[in-house]
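Hi,

Here's the structure I said I'd pass along. Have a look at it first, and then read my notes underneath.

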Amino acid sequence: MPDYSVFVLGKSDITVSNVDLDGVNQGSGVHMFGQTVTLNAPNWDEIQITDDDANFQDSDGSQRLNGAQAIDGTTYASNTVVEAEYAITLSDGTNTWTAIAFNVNNSSPVYGTIEGLAFIGGPGGFPPVGVELTVTATSEGPSFAAAAYATPVCYVHGTMIQTDRGLRVVEALRPGDRVKTADHGFQTVRWTGGREVLGVGRFAPVEIAAGVLGAVRPLRVSQQHRVLVTGYVPELLFGLSEVFVPAIHMVDGGAVRLMAGAEVSYHHLILDQHEVIFAEGVASESMFYDVTAAPLPDMGETISMAEFFDLPPLDRKAARKLARPCLRRHEAALLMDALREDPDWARPNEAVGLLRA
């Protein structure tokens with residue numbers, strides 16, 4: 001199981017005005033200053049990485065590909081060293097984004113190639129496609145917590161969430177609204193976000209059929225979104241009566257399947273701590289994020305994820321602790337094999353009662 005993943009847009013889907021992304025000037029990125037960058041398509045590759053810490057950074061030989069993986073159409077061997085070569089700040093004149101040059105160490109010098117760009121910004125934090133962005137700052141030696149990197153946000157537009165005012169679609173929720181949790185009653189929403197992406201590849205949503213895990217309607221979530229599985233099966237296999245499973249590890253082509261299509265709008269929300277909430281009757285997660293401080297690449301300062309999103313101060317222990325243990329990929333495979341033999345697998349569970357309460 002990888003320690004984390006980073007979403008990278010390959011250089012073939014990026015236009016730079018007068019230079020190349022490659023890591024000249026000792027990989028400092030200074031050659032990019034003043035250039036314009038346009039993202040041509042949202043063809044993000046999710047790169048799975050094994051590491052000895054939680055940061056993706058420059059000059060770290062412990063950052064290695066977890067299995068053979070394709071980056072911008074080229075497949076690289078498992079255990080290949082990868083790093084964050086340099087950082088650039090991009091602006092559309094109003095908004096700014098921090099981009100990280102993703103480097104596969106397969107050249108001489110090792111900083112000589114840049115295979116694509118990743119972005120800092122957490123869930124939904126990608127820049128717009130087709131907009132000319134100007135490089136306003138560059139820096140060498142970026143080091144950001146993996147949790148700070150942009151990822152797809154999680155519930156599909158139209159998903160019904162249980163709140164203190166009944167069922168509400170996720171896109172209508174705003175800071176200050178209160179949602180039902182499994183452990184702490186109704187809790188206040190602190191942040192919401194949404195993003196429209198092309199629903200193919202790593203961005204294709206997972207659909208959990210009605211009846212499975214208590215779904216009263218089909219539930220669609222992003223692939224890494226965690227849903228709760230309860231009962232005697234995880235208890236027998238792992239000694240845990242309740243476990244989180246990433247939706248992608250539940251896909252079987254039947255009751256749980258990938259739904260590739262055109263554009264899809266994803267939405268997510270943050271509470272004071274990671275919680276089990278209810279979407280279409282399914283017990284699933286609020287957004288989990290890491291509030292560990294990380295240096296800004298062009299300012300030498302330290303900023304937390306709470307500060308990055310302009311969030312109220314959150315309890316650091318609570319924000320960093322998963323509400324339930326999460327299974328690794330091979331553990332999820334064992335669980336799913338066992339669940340499919342269970343006659344109650346596709347029948348409503350107690351989450352339906354909670355939803356209708």
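Below is what I found, going from the sheet to a helix and then to the cysteines. One thing to keep in mind is that this is a predicted model.

Let's start with the sheet. Nine strands make it up, and it is open, with antiparallel pairing and the order 2-3-12-9-10-11-1-4-6. At its edges sit strand 2 (14-16) and strand 6 (64-65), each of which pairs on one side only. If you want to see how an edge strand is attached, go to strand 2: three bridges join it to strand 3 (residues 36-39), and the two run antiparallel. For one specific pair, find Ile14, whose bridge partner in strand 3 is Leu39. As a general reminder, strands of a sheet pair through backbone hydrogen bonds, parallel or antiparallel.

Next up is helix 5, which spans residues 329-339. Which of its residues are buried? They are Glu331, Ala332, Leu335, Met336 and Leu339. Looking down the helix axis, you'll find these buried residues within an arc of 135°, so they line one face of helix 5. Their cover includes strand 22 (226-230), helix 2 (232-238) and strand 23 (242-246).

Last, the cysteines. How many disulfides does the structure hold? Zero. Two cysteines to look at are Cys154 and Cys326: Cys154 is buried, because its relative accessible area of 10% is under the 20% cut-off. Cys326 comes out at 29% relative accessibility, so it counts as partly exposed.

Cheers

Note on methods: Residues numbered from 1 in each chain as written. Predicted model: local features only at pLDDT ≥ 70, side-chain atom pairs only at ≥ 80, totals over all residues. Heavy atoms only, no water. Disulfide = S-S within 2.5 Å. Buried < 20%, exposed > 50% of the residue type's maximum accessible area, 1.4 Å probe, protein only. Helix = DSSP H or I, 4+ residues; strand = E, 2+ residues; numbered from the N terminus. Arc of directions from axis to C-beta. Contact = heavy atoms within 4.5 Å. Pairing = 2+ DSSP bridges.
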